[in-house]
Amino acid sequence: MNPNDSKSLLNRLSTNVSDLPRSGIRDFFDVVSQMKDVISLGVGEPDFSTPWHVREGAIYSLEQGQTGYTSNLGMPKLRNSISSYVEKFFGVSYNPDREILVTVGVSEALDLAIRALCNPGDEVIYHEPCYVSYRPLIQLAHAVPVLLETDASDGFKVTAEKLRPLITDKTKVLMLNFPTNPTGGGLTAQEVKDIAKLAVEKDLIVITDEIYAELTYDREHLSVAAMPGMKERTIFLHGFSKALAMTGWRIGYACAPHELTEAMMKIHQYTMLCAPVMSQQAAFEALKNPEEDIAVMKESYWRRRNFLHAAFLEMGLPCGMPEGAFYMFPQIAELGITAKEFALGLLESEKVAAVPGTAFGACGEGHLRCCYATSMEQLETAVQRMHRYVDGHRK
Amino acid sequence: MNHLLALLKENARISLEDAARQLARSPEDIAEEMDRLEQQGVIRAYQAVVNEEKLDETSVTAVIEVQVQPEREGGFDHIAARLSRYPEVISMYLMSGQYDLMLFVEGSDLRTVASFVSEKLSSISGVTGTATHFRLKTYKHHGVLMEFAHESERLQVSP
């Protein structure tokens, strides 16, 4: 083989990987990164820096020379804190020695969970529009993604009624993410209960990605893991990135029955060994008094959500009020152009970046994901520019 | 805290319309609550936070710890009311611990502040002792950093 022949190298890739489509987000990122002075509503992370006491805690641990490996499962003191926090906030009790695994973000935990559970051909039900990694992770595990498309008419909900017809004798796993990236969708207590009942009835394992749980605005968040009969069949995934503004630390965790965390730990120990010790120290510090830190940031997101929602209605774009996270998913379909055309046009003519809904699944067509975790000044300018752009398309 | 107060403490210049949008209420409703808070004395003033070090004019600020003899009737409040009338006193608090009142005093120069302490403050009956500390530099005031914090570079698009 000629090593300079890139085609021959492409031929050598795993078909499982080469068949994976490129993320729509990456495509868009490449365009945006060529441009200057862009106001971005395209970022899926808080605009706050990590709370100072958390950063300070990590600095102190470095000064103390805490730079070695930790237990594969994560530092015992951090697992203890996680256990107390999850019990307090979500009402589910996990044994810190046997049922909690600290991971490199929820992203790693998702991958571990799917790989630990799935044999080739097992069916995994997930809902779109969703975070970009769900479908690829299922495919990388040689499992079969079974798509539940949700839509704006009911706030992008997953319900037991919609799920039932998708369940076959090969269905092994149901993946849930509420509040949802990119729609901000949430579920009522009754909807969560009904899904739990169905999962018990059909003997499904549920992987629930709760990364936005604390950022639920108009009601108490309810985890499916807390429903009767669910703890023993749920992998509960959570982390520090969103509510505690710690995206770059890459630190998350999985809580599940021992058999499942043990299986996930096997993959984790061979691929990752342990989550970075500095990030574990920071996470430990973050859980000392998380309510206060979260409340300050949540108040700020809540105001910006209200502001942006009012702004879209003033523009005449239909937009449901998101229940959580920091995303809004307005409809632009009535302008007669695709989400990608809208987003590229908005970027070129007004220098505002927002991600086309199709980056999160085909059923995101006609929508735009706008992240409101950016300063009020930036939001105000972005809204003025979008308004002008939308008016221009109506003429 | 009340949502409106939290918002105004961050930005007192916000328009009624913007405040209404952010709190998901009507501008009339916001105006009404602000009036009420003003009338009740909850909101006492709307002020700018200024970095004095950026100005050419110089001024001096001192923190003065004051020990007083509380009165049989009125405790500290009576003497505190008298002290707080001086325009040089910009802030004043009753404290626990070694001394009783903490005063922030502002003057055009060192001598002005010194003479306030020696001629006005010390001569008030009931004041039994003072300790004066001059401010050298302001790093943070009313929750606002005086220097712009270094902005970290965020990606422009991320999942």
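1. Helices and strands are here DSSP runs, of at least four residues (H or I) for a helix and at least two (E) for a strand, numbered from the N terminus. With this definition, the elements of chain B read α-α-α-β-α-β-β-α-β-β-β from the N terminus on. That order comprises 5 helices and 6 strands. The model is predicted, and every remark below should be read with this in mind.

2. The overall form of chain B deserves attention. Its radius of gyration is 21 Å, whereas the globule rule gives 15 Å for 159 residues; chain B is therefore more spread out than a compact globule. Along the principal axes, the C-alpha trace of chain B spans about 65 × 40 × 30 Å. Buried residues account for 13% of the 159 residues of chain B. Where contacts in chain B join residues at least 6 apart in sequence, 50% of them link residues at least 24 apart.

3. Chain B is divided into domain 1 (3-39) and domain 2 (52-141). The C-alpha centres of these two domains of chain B lie 34 Å apart. Helix α3 of chain B covers residues 27-39. At 1.5 Å a residue, its 13 residues should span 18 Å, and the end C-alpha atoms are indeed 18 Å apart, so expectation and model agree. Just after α3(B), G41(B) takes a positive phi of about 80°.

4. Chain A can be examined in the matching way. It has 14 helices and 12 strands. The radius of gyration of chain A is 21 Å, close to the 21 Å that the globule rule gives for 395 residues, so chain A is as compact as a globular protein of that length. Its C-alpha atoms fill a box of roughly 65 × 60 × 45 Å along the principal axes. Of the 395 residues in chain A, 49% are buried. Among contacts in chain A between residues at least 6 apart in sequence, 74% join residues at least 24 apart.

5. The domain assignment of chain A gives domain 1 (7-49 + 292-394), which is written in two segments, and domain 2 (68-289). Their centres, taken over C-alpha atoms, are separated by 24 Å. Across the boundary, 34 residues of domain 1 of chain A are in contact with 32 residues of domain 2 of chain A. On the domain 1 side, α12 (290-315) and β9 (327-328) of chain A each supply at least two residues. The largest share of that side, 8 residues, comes from α12(A). By class, the side has 17 nonpolar, 10 polar and 7 charged residues.

6. One residue of helix α12 of chain A, F312(A), may serve as a worked example. Is F312(A) buried or exposed? A residue is buried if 20 or more other C-beta atoms lie within 10 Å of its own. F312(A) has 23 C-beta neighbours inside 10 Å and therefore counts as buried. Leaving aside neighbours within four places in sequence, F312(A) is in contact with L317(A), C319(A), M328(A) and P330(A). F312(A) and V383(A) are 71 residues apart in sequence, yet 8.1 Å apart in space, C-alpha to C-alpha.

7. In soluble globular proteins, nonpolar side chains tend to be buried together. In this model, the largest nonpolar core has 120 residues, of which A113(A) and A254(A) touch the most other members. Helix α6 (residues 105-117) of chain A gives the most to this core, with 7 residues. The core draws at least three residues from each of domain 1 and domain 2 of chain A. Not counting residues up to four places away in sequence, A254(A) touches nine listed partners, among them L101(A), A109(A), L112(A), A113(A), I235(A) and M264(A). A second, separate core of 12 residues includes V66(B), V105(B), V113(B) and L121(B).

8. The contact between the chains takes 13 residues from chain B and 21 residues from chain A. On the chain B side, the elements that give two or more residues are α1 (3-10) and α2 (16-23). The largest share, 3 residues, comes from α2(B). The chain B side divides into 7 nonpolar, 4 polar and 2 charged residues.

9. A final check concerns helix α4 (residues 52-63) of chain A. At 1.5 Å a residue, its 12 residues should span 16 Å, and its end C-alpha atoms are 16 Å apart, so the two values agree. α4(A) is followed by G65(A), whose phi is positive, near 80°.

Methods
Residues numbered from 1 in each chain as written. Chains lettered and ligands numbered in written order. Predicted model: local features only at pLDDT ≥ 70, side-chain atom pairs only at ≥ 80, totals over all residues. Contact = placed C-beta atoms within 7 Å. Nonpolar A, V, L, I, M, F, W, Y, C, P; charged D, E, K, R; others polar. Core = buried A, V, L, I, M, F, W, Y, C linked by C-beta atoms within 7 Å. Domains from an automatic or database assignment. Rg over C-alpha atoms; globule rule 2.2 N^0.38 Å. Expected span 1.5 Å × (residues − 1).
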